[in-house]
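Subject: Structure handover

Hello,

Here is the structure you asked for, with the sequence alongside. My notes on what was found follow below.

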Amino acid sequence: MKMSSQQSCINLIFNMGISWCDNTLALVYESWYKTRRVKTWVISPESKDVNPRILLDRSSEDVYFDLGSPMMMRRTPAGTCVIAKMKKEGDEGTFVLLNGSGATLEGNIPFLDLFDMWVW
């Protein structure tokens with residue numbers, strides 16, 4: 001079934017979200033209630049040389065595979081919060097800080113994780 005542009009626009013509005021970092025990194029979230037699928041895309045907004053890629057594709061009900069959410073720690077001059085990129089000494093990677101509930105069979109173990117965006 002082919003969607004009209006109006007249906008496509010509605011899907012974008014109701015099933016997607018974006019967490020911004022800067023002109024080199026943003027995360028786009030896509031969810032589909034019917035299938036319980038959640039996808040997280042990594043994009044580089046101002047770079048035409050970097051293709052968007054899927055970082056995660058999982059069931060929203062799979063709490064054991066939830067890597068967490070990016071910490072929105074850096075405030076822009078406009079007052080909005082954006083993803084804070086981190087650097088590790090001696091490493092050229094792009095890291096963000098993730099926090100999550102840390103679901104385990106023994107119960108939740110909340111966590112913070114330094115996550116390399118380009119390795120996963």
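How many bridges join strand 5 to strand 9, and do these strands run parallel or antiparallel? Strand 5 (residues 69-70) and strand 9 (residues 95-100) are joined by 2 bridges and run antiparallel. Please keep in mind that this is a predicted model.

Strand 9

P70 has L98 in strand 9 as its bridge partner. Strand 9 also pairs with strand 8 (residues 85-86), in the antiparallel sense and over 2 bridges; here K85 stands opposite V96. With strand 12 (residues 111-116), strand 9 pairs over 6 bridges, again in the antiparallel sense. G100 is matched there with F111 of strand 12.

The loop before strand 9

T94 sits in the loop between strand 8 and strand 9. Is T94 buried or exposed? Its relative accessibility is 15%, so T94 counts as buried, the cut-off being under 20%. Leaving aside residues up to four places away in sequence, T94 touches L25, K85, M86, F115, D116, M117 and W118.

Salt bridges

Side chains of opposite charge can pair when their charged atoms come close. The whole structure has 4 salt bridges, and three of the pairs are described here.

- K85 pairs with D22, with 2.9 Å between the closest N and O atoms. Because K85 lies in strand 8 and D22 in strand 1 (residues 16-22), this salt bridge ties together parts that are 63 residues apart in sequence. K85 is partly exposed at 36% relative accessible area, and D22 is partly exposed at 24%.
- R36 and E61 meet through their side chains at 3.2 Å, N to O. R36 is in the loop between strand 2 (25-32) and strand 3 (37-43), while E61 is in the loop between strand 4 (53-59) and strand 5, so the pair ties together parts 25 residues apart in sequence. R36 counts as partly exposed, at 27% relative accessibility, and E61 as exposed, at 56%.
- D66 and R58 form a salt bridge with an N to O distance of 3.7 Å. D66 counts as partly exposed at 33% relative accessibility, whereas R58 counts as buried at 12%.

Surface patch

Which residues make the nonpolar surface patch of about 370 Å²? V63, Y64 and L105 make this patch. L105 lies in the loop between strand 10 (103-104) and strand 11 (107-108), and L105 is exposed, with a relative accessible area of 77%.

Regards

Methods: Residues numbered from 1 in each chain as written. Predicted model: local features only at pLDDT ≥ 70, side-chain atom pairs only at ≥ 80, totals over all residues. Heavy atoms only, no water. Patch = residues over 30% accessible without salt bridge, like charges linked within 9 Å, V, L, I, M, F, W, Y side chains within 5 Å. Areas by Shrake-Rupley, 256 points an atom, 1.4 Å probe, with all protein chains shown as cover. Helix = DSSP H or I, 4+ residues; strand = E, 2+ residues; numbered from the N terminus. Buried < 20%, exposed > 50% of the residue type's maximum accessible area, 1.4 Å probe, protein only. Pairing = 2+ DSSP bridges. Contact = heavy atoms within 4.5 Å.
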